[in-house]
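I am opening a fresh page for this chain. Below are my notes, in the order in which I looked things up.

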Amino acid sequence: MLININRNKLHEMQNSWYTWRNNASTTTMVLLSFAFACFTGLMAQVTLAVPWSPVLITFQTFAALLAGVFLGSRYGGLSMILYTLLGIAGMPWFTNMNHGLEFIFQASGGYIIGFIFAAVFIGYVFDHYVNARKPIQCVVLMLIANFVCIYIPGLIGLYHAMLVKTGTPLSIGQLLFMGLVPFIVGDLIKIAIASGITTSILPKEE
């Protein structure tokens, strides 16, 4: 009996978030988008260097995934667009307090573009497909968002940046060793945390 009551309360809490978000004003959602952009900028400062890669390990991917979860595709994507554009405009919240258009063309720039795709993808799927909010499906979608939406533009940007810097194109093996392999374990941990949060807050039925 107690378990059923707790489950009912959980369902009410989950549905209340969607109801509130769907009824929120445009101004409120834009402000929340900016708040997530700020959160992403904060997570960008949590870094760990990899000796053989110019790309730092950060928690930005965690923020991008949650932006789609909490804000949906439109405003989740907006939050990452704000993060990107304001950083280009001079807000020092890229990794190591960097900013400016030139950063987008450096080794990490492509991953930032990928955050936009990841937030839009996650938000769209979770908003339109109820079954996607279940634990296993949620993890699969997080993996796709992380390793496809973020890493494809990220690796393209890294390849271009290293080509401009060294004049020598990277092989596929070198590119993956620099831009993917060092981050797999950390990404899996972030995905596990983000998936746990997602399955806790999103309703499993309409």
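Where is the place of Met-97? I found Met-97 in the loop between H3 and H4. I note at the outset that this is a predicted model.

Entry 1, the loop after H3.
I looked up the backbone of Met-97 and read a phi near 60 degrees, a positive value in a residue other than glycine. Met-97 is partly exposed, with a relative accessible area of 48%. I then turned to Asn-96, which sits in the loop between H3 and helix H4 (101-104). Phi of Asn-96 is near 55 degrees, again positive and again in a residue other than glycine. Its relative accessible area is 47%, so I list Asn-96 as partly exposed. Going back to the end of the helix, I noted that Gly-90, just after H3, takes a positive phi of about 135 degrees.

Entry 2, helix H3.
How far apart are the end C-alpha atoms of H3? I get only 19 Å for this helix of 30 residues, which runs over residues 60-89. A straight helix would reach 44 Å at 1.5 Å a residue, and H3 falls short of that. I looked for a bend and found one of about 130 degrees at Gly-72. I also checked burial: 22 of the 30 residues of H3 are buried, so the helix is largely enclosed by the rest of the structure.

Entry 3, the nonpolar patch.
Which residues make the nonpolar surface patch of about 630 Å²? I wrote down Trp-52, Ile-172, Leu-176, Phe-177, Val-181, Ile-184 and Leu-188. Helix H7 (172-179) and helix H8 (184-201) each supply at least two residues of this patch. H7 gives the largest share, three residues. From the patch I picked out Leu-188, which is found in helix H8. Leu-188 has a relative accessible area of 42% and is therefore partly exposed. A residue needs over 30% relative accessible area to enter a patch, and the 42% of Leu-188 is on record above.

Entry 4, the salt bridge.
How many salt bridges does the structure hold? I count one. Lys-190 forms a salt bridge with Asp-187, and the closest N and O atoms are 3.2 Å apart. The cut-off for such a pair is 4 Å. Lys-190 and Asp-187 are three residues apart in helix H8, so about one helical turn separates them. An α-helix has 3.6 residues a turn, so residues three or four places apart point the same way. Are the two partners buried or exposed? I find Lys-190 buried, and Asp-187 is buried too.

Entry 5, the cysteines.
I searched for disulfides and found zero. Cys-138 is in no disulfide, and the nearest cysteine sulfur, that of Cys-149, is 14 Å away. A disulfide would need the sulfur atoms within 2.5 Å. For Cys-149 I wrote the matching note: it is in no disulfide, with the sulfur of Cys-138 the nearest at 14 Å. I looked up the accessibility of both. Cys-138 is buried, with a relative accessible area of 0%. Cys-149 has 15% relative accessibility and counts as buried, because the limit for that label is under 20%.

Technical notes: Residues numbered from 1 in each chain as written. Predicted model: local features only at pLDDT ≥ 70, side-chain atom pairs only at ≥ 80, totals over all residues. Heavy atoms only, no water. Helix = DSSP H or I, 4+ residues; strand = E, 2+ residues; numbered from the N terminus. Expected span 1.5 Å × (residues − 1). Bend = angle between axes of the 7 residues up to and from the residue. Buried < 20%, exposed > 50% of the residue type's maximum accessible area, 1.4 Å probe, protein only. Patch = residues over 30% accessible without salt bridge, like charges linked within 9 Å, V, L, I, M, F, W, Y side chains within 5 Å. Areas by Shrake-Rupley, 256 points an atom, 1.4 Å probe, with all protein chains shown as cover. Salt bridge = Lys/Arg side-chain N within 4 Å of Asp/Glu carboxyl O.
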